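Visitor: I would like a close look at one part of this protein, taken slowly. Please begin with a single residue and work outward from there.

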Amino acid sequence: MITFNSSIEEINASSKGTLMETLGIEYICVEKGYVQAKMPVDKRTLQPMGLLHGGASLALAETIGSLGSVILVDTEKAEVRGSSLSANHVRAARTGFVIGEAKILHQGSKTHVWNIDIKNEEGKLISSCRLTNFIIEK
């Protein structure tokens, strides 16, 4: 079980056998209210026109925003479920990596709202996303 005290190595190991492993998502930094991860732009994440697939960007956004909520709650008492995810794709990516940065905007007892910006290796914005998570009592 992932908690705030989990190491980056433990968090990355938890991706084994999941969509995160399939897409090559790797966590870089996990802090209360902030999560950063990178994802390759390669055959796993491209659409047929050779551009980063918008769905891969959304998967990265939901992944890091959801992890951000998980580390903010007592997972013995609550679960995190995505409620709403939206994105504006503003630039294409064709190669390299994209880096997602999730920052919490609202941390309520029943909902969390995250802003997630996905940038290329040069720091140029690729997608800007907004994620709302439900916090559900077990």
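**Around L52**

Guide: Leaving out residues up to four places away in sequence, L52 touches M39, V41, T45, L46, Q47, S57, A93, V98 and I126. The model is a predicted one, and every value here is computed from it. L52 itself sits in the loop between β2 and α3. Is L52 buried or exposed? Its relative accessible area is 11%, and the cut-off for buried is under 20%, so L52 counts as buried. Another way to place this residue is by distance: the C-alpha atoms of L52 and P40 lie 9.2 Å apart, and the two residues are twelve positions apart in sequence.

One of the residues that L52 touches is V98, and V98 is a useful next stop. Apart from neighbours within four places in sequence, V98 is in contact with A37, K38, M39, V41, L52, L60, A93, I118, K119, N120 and I126. M39, V41, A93 and I126 appear in this list, and they appear among the contacts of L52 as well.

V98 also leads to the wider setting. The largest nonpolar core has 28 residues, and within that core V98 and I116 touch the most other members. Two or more residues of this core come from each of these elements: β1 (26-31), β2 (34-40), α3 (54-70), β4 (97-107), β5 (111-120) and β6 (125-137). Which element gives the most to the core? That is α3, with six residues. As a general point, nonpolar side chains in soluble globular proteins tend to be buried together.

Strand β5 also holds H112. H112 has a relative accessibility of 2% and is therefore classed as buried. Its side chain makes a polar contact with the side chain of S69, at 2.8 Å. Beyond residues up to four places away in sequence, H112 touches S69, L72, V73, I104, H106, Q107, L131, T132, N133 and I135.

Some of these names come up again at V80, a residue of strand β3. V80 is in contact with S66, S69, V70, V73, N133, F134 and I135, once neighbours within four places in sequence are set aside. Here S69, V73, N133 and I135 are contacts of V80, as they are of H112. V80 has a relative accessible area of 14%, so this residue is buried. Along the chain V80 and I136 are 56 residues apart, yet their C-alpha atoms are separated by 6.3 Å.

S66 and V70, both contacts of V80, bring us to the largest pocket. Its volume is about 300 Å³. The lining consists of 14 residues, and those nearest the centre of the pocket are I2, M20, S66, L67 and V70. Two elements, α3 and β3 (78-89), give two or more residues to this lining. The largest share is that of α3, with four residues. Sorted by class, the lining has seven nonpolar, five polar and two charged residues.

Thus α3 is the element that gives the most to the core, and α3 also gives the largest share of the pocket lining. L52, where we began, is in the loop that runs between β2 and this helix.

Note on methods: Residues are numbered from 1 along each chain as its sequence is written. This is a predicted model: local features need pLDDT of at least 70, side-chain atom pairs count only at pLDDT 80 or more; totals for chains, interfaces and linings use all residues. Side-chain values use heavy atoms; hydrogens and water are left out. A nonpolar core is a set of buried Ala, Val, Leu, Ile, Met, Phe, Trp, Tyr and Cys residues joined through side-chain atoms within 4.5 Å. Buried means under 20% relative accessible area, exposed over 50%, partly exposed in between (1.4 Å probe, protein chains only). Contact means heavy atoms within 4.5 Å. On a 1 Å grid over the protein atoms alone, a cavity is a set of points where a 1.4 Å probe fits but cannot get out, and a pocket is an open set with protein on both sides within 12 Å along at least five of seven lines; lining residues have an atom within 4 Å of a point. Grid points are joined across faces, edges and corners, and a volume is the space filled by probe spheres set on the points. Ala, Val, Leu, Ile, Met, Phe, Trp, Tyr, Cys and Pro count as nonpolar, Asp, Glu, Lys and Arg as charged, and the others, Gly among them, as polar. A polar contact is a pair of N or O atoms within 3.5 Å; within protein, one must be able to donate a hydrogen and the other to accept it, and residues adjacent in sequence count only if both atoms are side-chain atoms.
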